[in-house]
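Colleague: Could you take a close look at one part of this protein for me and walk me through what surrounds it? I would like the wider setting as well.

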Amino acid sequence: MYRGSEWGRWDLHVHTKGTAKNDQFGNITFDEYCENLFTKALEKGIKVIGITDYFSIENFEKVKIFQEHINKHPSFTESQKDAVSKIFLIPNIELRITPTTSKSKLVNIHIIFNPEIIEDFKSGFMTKVEMTTDTQQKFNLTRHDVTSLGRHHDSKAIDNDTAYKIGLRELVINHTDIIDAINSRKILSDNCLIFVSNNSTDGVSGVGKHEVPPRELMNTIYRTSNGIFSPKLSDIEYFIGKRADDKEEIIKKYGSLKPCIHGSDAHCLEELFDPDLNRYCWIKAEPTFEGLKQILHEPETRVYIGSNRPEPKLDYEVIDRIEINNENIGTNVLYLNPNLNAIIGGRSSGKSTLVQCIANKVAPSSLKNGEPEIHVQEISDCIKIIWQDNKEDDTRSIDYFYQGHMFHKTHEEGIESIVKDILFQLNPKVYEDSDKNIAGLRQKNASQLSSYFSNQRLINQKLEQSSSIGNKIDISQQIDRLDQSINESSIGSYTQHELEEHSQKQAALKKLEYSLSTLKSTIEDISNLSVENVLEISNPFLDNPFYQYIKDTTEEKLNNIETFVESQVEELKQVAKLALNTTKDYYEKQISLIDTDSKFIQIEQYLKATESIKPLIVQKTKENEKLEVIMQLEDEINEIRNESSVILTKTHDNWRLINKEPLLLTKEIKVLEDNSLEISPIPKFQGEKFNAFIVKYINQQPEKAQNYANLQFSDVEALFLGFIDISEALEKGSIKLKSGFTEESFHSEFLTTTWFKLSYDVLYEGDSYIEMSQGKKAFVVLKLSLECSERKCPIIIDQPEDDLDNRAIYTELVTYIKEKKSKRQIILVTHNANVVVNADSEQIIVANQHGSKTPNNGSKKFEYKLGSIESNVKFDSEHASILESKTIKEHICEILEGGNTAFKLREQKYNF
């Protein structure tokens, strides 16, 4: 495993051809079964197979032999043979134990053990577990005894295979005997894991009420098990403490948290590696028994049941490997895990140099002084950074935190500078964009204020124009007097009211005469209506060769149709003319009533003869025109005032945005998933700047003006109310502008100025940054740098523990890295065992510098060893290098202070 602990599909429950119960593999040979098994395993990407049988490992051994002799099987290509040889086979003995479930089934329990101890398992477990029959005869799990048990139940002369299967069917074991047998020898207890089924049919959750006491019995079985065979989300979350009040409750009840695993439980070829609902079992570990044991230490993060590989990352955001071509370095390729890579080693072993070279290659500006040291540049020139999409691309992003980065940030820079840097890293244009926004708003306000004061001048012009025409009230009164004079005038014997009635009748007469003329034209059109206007009748059969046979009938019917239509048209004409003539009579009658009205005739004749009323009417018309002009000016003034009000409101709103724009910068900081971290922007009023503004514009003779100059404001709205108060005082004359300044210039400067500057505080778990210890500040800076960014590129951190408090390393840094690595690749240089072990680093890179007591292969100056925490790879040869002679765990314990303690803490974390 060049990349340490990687996610892979593990199917830990696969039966074989010849399985003792429910064998549905059909009429195939065992070799044919194995060919199907491995072919499908390659197709499905299976890393580990739990070869399962009831009370027996014989079929596991047969599959193992097939795998070991895979080169002899022509059905596989060379590459397939190589892949098959890398699949890890692990034995899974399925047992039936008491008690029984409510469905009268025995409880299903599995022992999965290290295949390296098969002989010890046979001698130490299978000969230890015993079953006593009703005749007090004892049997253990050897083939001989199981066969004898079968004969005991069926005394007929049967062959050994049949007797063996009967014996397997009858075997029932007490779960405490299993535990006692495993605990009888340390090699068994260290290399055997017990998983119990939890379904209601043959699992612990189905233990019947007839068992006394059922709950206590169930808890005992859970307690003696290492994990659960169940794909159900409710079981997964419950047994790792997600559905209980806390993890301690589960640990107290069952002794430890319990990881859930799953398998296809295949009893036929079609079921191989195809569990129901695609609930695949994914385990993040080396495909070894030690790898499987890791799920006991990390039951929440090392195992997952679902259709897709967990913790996915984009190929261009993960470094796959570092290729090195340097004569001083003995390791040519360093493979990286997509999650956490911990680089450890003694002093001057090449740990920091390695990450500096990566940073120099991809992000040189992130180096401590912006320039690499000579030896870093030399090695950097010899390396290639290959990403997961197999591309070498030095333009892709990384986040690099050099050794002492957080201390430097907290010691040399204030929190405001740190937050600004974060904002800038998040969006290099953030301040430029903010300045552009403010400049744009200022420009808008300057333009809008110019329009506003231009409108004020236009309003004054229109008021003067209105005043020159006259007073609106005086003109209205004059019009009333003219109306009275016209009404009182003796125009013959007719009053003004009678004249108005005459005018109305005259208008009505014109309308009636027009309608009558239109109506008569319509009646004439109806009278001229013919069949051709509404219908065209044609004979469609004239050109038909058979027309002669239907000619008489067709022409007769067509004539009938035409006759019918003519009659209908005539009827339409009669009805329509009748209706319209009625309306015509009505119009003629109404016209006659007006034409013959004596009063109408007299006034009509009189008006033609007299001109005496015209002067009064002309005068009234002129006054009405004046009034209309004044009212129009009033409307225009009101419209301009409304427009000015909108302009002023927009100007005030823009001014608020100008002064709040710095606060909006913090919206660029998105603390995505950590509610304990909060960036608090604090606006500070620039009192001295405001004082200088007031003194510049306002005459300081009155005491009130001096008071305005000394005002302080807590926020933007308070300042706005103060500005309104000053503006009203200017309008009322209680204070005055200095000579040479105008109301427009006063408003323009105030409403285009930023009166607040921005400072920041950061709160973490309720504590203010200012009040934190140096170590906690450093941790907060790290979190700020990572949490406030949506970047998913790799993170490289060089010895962060140097900047942190000891408590922060274990309780905060470890927890944080463990959470963050699932979303971003992390490359971490560290000398702290807790960071490596308890953050569950997926890949360990052990660095070594050649020395007399720490030799490297070929005496190379630097050499690296790669592997997971669980890796047991080492060479016992006296010629082995220092790196080769120890396992990864041994290197951790030797190199890192507190290494042994860290592993003990990891194991004790869930009471393992």
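What follows is a request about one serine and a connected reply.

Colleague: Where does Ser871 lie, and which residues does Ser871 touch?

Modeller: Happy to help! Please keep in mind that this is a predicted model. Let me start with the whole chain and then move in. The secondary structure comes to 32 helices and 24 strands. With a radius of gyration of 49 Å, well over the 29 Å that the globule rule gives for 912 residues, the chain is more spread out than a compact globule. Along the principal axes, its C-alpha atoms fill a box of roughly 145 × 115 × 65 Å. Buried residues make up 47% of the 912 residues. If we take the contacts between residues at least 6 apart in sequence, 73% of them join residues at least 24 apart.

Now to your serine. Ser871 lies in the loop between β24 (862-867) and α31 (888-895). Is Ser871 buried or exposed? Its relative accessibility is 3%, and the cut-off for buried is under 20%, so Ser871 counts as buried.

As for its surroundings, leaving out residues up to four places away in sequence, Ser871 touches Glu286, Thr887 and Ile888. Closer along the sequence, there is a polar contact to the backbone: a polar atom of the Ser871 side chain lies 3.4 Å from the backbone nitrogen of Val873. For a sense of distance across the chain, Val419 is 452 residues away from Ser871 in sequence, and their C-alpha atoms are 42 Å apart in space.

A second serine makes a useful companion to yours. Ser380 lies in helix α14, which covers residues 374-380. Ser380 is buried too, with a relative accessible area of 2%. Its side chain is joined to that of Asn360 by a polar contact of 3.2 Å. Neighbours within four places in sequence aside, Ser380 is in contact with Cys357, Asn360 and Lys361. Asn360 therefore appears both in the polar contact and in the contact list of Ser380.

One more element is worth a glance while you have the model open. Helix α12 spans residues 289-297 and is mostly covered, with 8 of its 9 residues buried. Among the buried residues of α12 are Phe289, Leu292, Lys293, Gln294 and His297.

Finally, the outside of the chain: its accessible surface comes to about 46,100 Å², and 48% of that belongs to carbon and sulfur atoms. The chain has 110 positive and 142 negative charges, and the mean positions of the two sets are 4 Å apart.

Conventions. Residues numbered from 1 in each chain as written. Predicted model: local features only at pLDDT ≥ 70, side-chain atom pairs only at ≥ 80, totals over all residues. Heavy atoms only, no water. Helix = DSSP H or I, 4+ residues; strand = E, 2+ residues; numbered from the N terminus. Rg over C-alpha atoms; globule rule 2.2 N^0.38 Å. Buried < 20%, exposed > 50% of the residue type's maximum accessible area, 1.4 Å probe, protein only. Contact = heavy atoms within 4.5 Å. Areas by Shrake-Rupley, 256 points an atom, 1.4 Å probe, with all protein chains shown as cover. Lys, Arg positive; Asp, Glu negative; His and termini not counted. Charge placed at Lys NZ, Arg CZ, Asp CG, Glu CD. Polar contact = N/O pair within 3.5 Å; in protein donor to acceptor, adjacent residues only side chain to side chain.
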